[in-house]
Amino acid sequence: MDIFCDVLVQNRGIKRALRMDLQAFKERDPSCLSYCSALLYLKGYHSLQTHRVAHALWNQGRKVLALALQSRVSEVFGVDIHPAAKIGEGILLDHGTGLVIGETAVIGDRVSLMQGVTLGGSGKETGDRHPKVGEGALIGAGVIVLGNIKIGEGAMIASGSLVLKDVPQHSMAAGIPAKVIGYLKEQVPSLTMKHDASKEFFEHVAVGHEGRSNGDVDI
């Protein structure tokens, strides 16, 4: 308790981020009854705020303690976020179960991630080896993104996809391996949480490839 309080008192950025995260959970998760319910009961929120404390400790050089927090969160909540990973504010970890975020991953502001997402490396290489997710992106359930690749701002990755190459901003990608299958009218899909790939979705939200690409693009 003393460690958490000390970090929160000294770090104004974390205090702002936890408020923005709370707002994200309330506004984007239809099952969230109130701000209090998110604060008290949602493990995605708890995991995210514990990571913020662990990240601050990591940056202070208290790496063993930061890794201990990571281990405990993984054990209790089933969410594994390396304390060195950089995560913006206004983040939604919907459900959270099975989420894995690697050491050099970077997540921009206002990103939404569903359950079972992996932002991982692609081998034994060291250094900068994990994905970079742009602001406002929406990552569907069970998505696996491997390697030091970029998910562009406002991009949407359909559930169950395997992403091995960069995804352009404001595009929608799906499949194994993932391909660009359309471009989005809405600028911030993470806020609308419309991540279905139904016919109705493409008729009203997606814009065809005319003028952008000749056919599907492997990513």
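Strand β14 (residues 171-174) is sandwiched: S171 and A173 on one side are buried, and so are M172 and A174 on the other, leaving both faces covered. Keep in mind that this is a predicted model. Below is a quick look at the partners of β14, followed by the largest pocket.

**β14 and its partners**

- On the parallel side, β14 is joined to strand β12 (residues 156-157) by 2 bridges.
- In that pairing, I157 sits opposite A173 of β14, and A173 is one of the buried residues of the strand.
- Strand β15 (residues 179-184) runs antiparallel to β14, with 4 bridges between the two.
- Here M172 faces G182 of β15; M172 is buried too, on the other side of β14 from S171 and A173.
- β14 and β15 make a hairpin with 4 residues between them.
- Look at G175 in that turn: its phi is positive, at about 110°.

**The largest pocket**

- The volume of the largest pocket comes out at about 280 Å³.
- Three helices each give two or more residues to its lining: α1 (2-10), α2 (12-28) and α4 (43-59).
- α4 supplies the largest share of that lining, with 5 residues.
- Among the lining residues are M1, F4, C5 and L8, along with I14, L18 and L39.
- Also in the lining are Y45, H46, Q49, T50 and V53.
- By character, the lining splits into 9 nonpolar and 3 polar residues, with no charged ones.

Methods. Residues are numbered from 1 along each chain as its sequence is written. This is a predicted model: local features need pLDDT of at least 70, side-chain atom pairs count only at pLDDT 80 or more; totals for chains, interfaces and linings use all residues. Side-chain values use heavy atoms; hydrogens and water are left out. On a 1 Å grid over the protein atoms alone, a cavity is a set of points where a 1.4 Å probe fits but cannot get out, and a pocket is an open set with protein on both sides within 12 Å along at least five of seven lines; lining residues have an atom within 4 Å of a point. Grid points are joined across faces, edges and corners, and a volume is the space filled by probe spheres set on the points. Ala, Val, Leu, Ile, Met, Phe, Trp, Tyr, Cys and Pro count as nonpolar, Asp, Glu, Lys and Arg as charged, and the others, Gly among them, as polar. Buried means under 20% relative accessible area, exposed over 50%, partly exposed in between (1.4 Å probe, protein chains only). Two strands pair if DSSP finds at least two bridges between them.
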